[in-house]
Amino acid sequence: MDIDLIKSTIRNPDFEICYPKTRLICLENSHANTRKCLSVEYTDQVGELAKKHGLVQAADFVSVCLSIGLGAPVGSVIVGTKIFIDRARILRKTLGGGMRQVGILCAPALVALQENIPKLVNGHKNAKNLAEGLNKIKGLKADVAYVATNICVF
């Protein structure tokens, strides 16, 4: 998203009675719509904008999905301060996320972290090869220049 567009949608808490206050800016990396990885510079710009408006730090937490790209059957990992993690645990339990046999799901996620990270490069190459191959099929079009990760849109 354009930085000026983000800035224009931040609601001023002093003047908005009928709308909720802006408290958070979320970034997805890589982003499914653009199929691009966000640069560190862009992420820093959004972080500075958020700090300027008193929303958040440059990053309050990071969430990593283990099933997309890494091949774990389910799961995500969150990284943040101890206070944030403690609050996330409470919220998870509140929303019904208290599985007793969670180790059965954790084991393949651990294998994915230990063994599949080097395979990400192959997944990215395969997506680019897929895009190139799709372009050879009449009626299909994939923009190979936008295939930077394992996402291929055609």
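**Exercise 1. Find which residues of helix α2 are buried, and work out how they are arranged around its axis.**

Step 1. Start with the terms: buried means under 20% relative accessible area, exposed over 50%, and partly exposed in between (1.4 Å probe, protein chains only). Helices (H or I, at least four residues) and strands (E, at least two) are DSSP runs, numbered from the N terminus.

Step 2. Go through α2 with these cut-offs: Tyr 42, Val 46, Gly 47, Leu 49 and Ala 50 come out as buried. They sit on the same side of α2, because the arc they cover around the axis is only 160 degrees. The arc is taken from the directions that run from the helix axis to the C-beta atoms.

Step 3. Turn to the other side of α2, where Val 40, Glu 41 and Lys 52 are exposed. Back on the buried residues, their cover includes α1 (3-9).

A word about the model you are viewing: it is predicted, so local features need pLDDT of at least 70 and side-chain atom pairs count only at pLDDT 80 or more, while totals for chains, interfaces and linings use all residues. Residues are numbered from 1 along each chain as its sequence is written, and side-chain values use heavy atoms, with hydrogens and water left out.

**Exercise 2. Compare the reach of α2 with its expected span, then look just past its end.**

Step 1. The expected span is 1.5 Å times one less than the number of residues in the helix.

Step 2. Helix α2 (residues 40-52) has 13 residues, and its reach from first C-alpha to last is 18 Å, close to the expected 18 Å.

Step 3. Just after α2 comes Gly 54, with a positive phi of about 70 degrees.

**Exercise 3. Identify the members of the largest nonpolar core and say which helix gives the largest share.**

Step 1. A nonpolar core is a set of buried Ala, Val, Leu, Ile, Met, Phe, Trp, Tyr and Cys residues joined through side-chain atoms within 4.5 Å.

Step 2. The largest such core has nine residues: Ile 6, Ile 10, Ile 25, Tyr 42, Val 46, Leu 49, Ala 50, Leu 55 and Val 56. Its largest share, four residues, comes from α2.

Step 3. Take Leu 55 as an example of contact (heavy atoms within 4.5 Å). Setting aside neighbours within four places in sequence, Leu 55 touches Ile 10, Thr 22, Arg 23, Ile 25 and Ala 50.

**Exercise 4. Locate the salt bridges and trace the network that some of them form.**

Step 1. Count a salt bridge when a side-chain nitrogen of Lys or Arg is within 4 Å of a carboxyl oxygen of Asp or Glu. There are three in the structure.

Step 2. In α2, Glu 48 pairs with Lys 51, with their closest N and O atoms 3.1 Å apart. The two are three residues apart, about one turn of the helix. Glu 48 is partly exposed at 48% relative accessibility, and Lys 51 is partly exposed at 43%.

Step 3. Move to helix α3 (residues 82-94), where Asp 86 and Lys 82 are four residues apart, or about one helical turn. Their salt bridge spans 3.0 Å, N to O. Asp 86 also meets Arg 89 in a salt bridge of 4.0 Å.

Step 4. Put the α3 pairs together: Lys 82, Asp 86 and Arg 89 are linked in a network of salt bridges.
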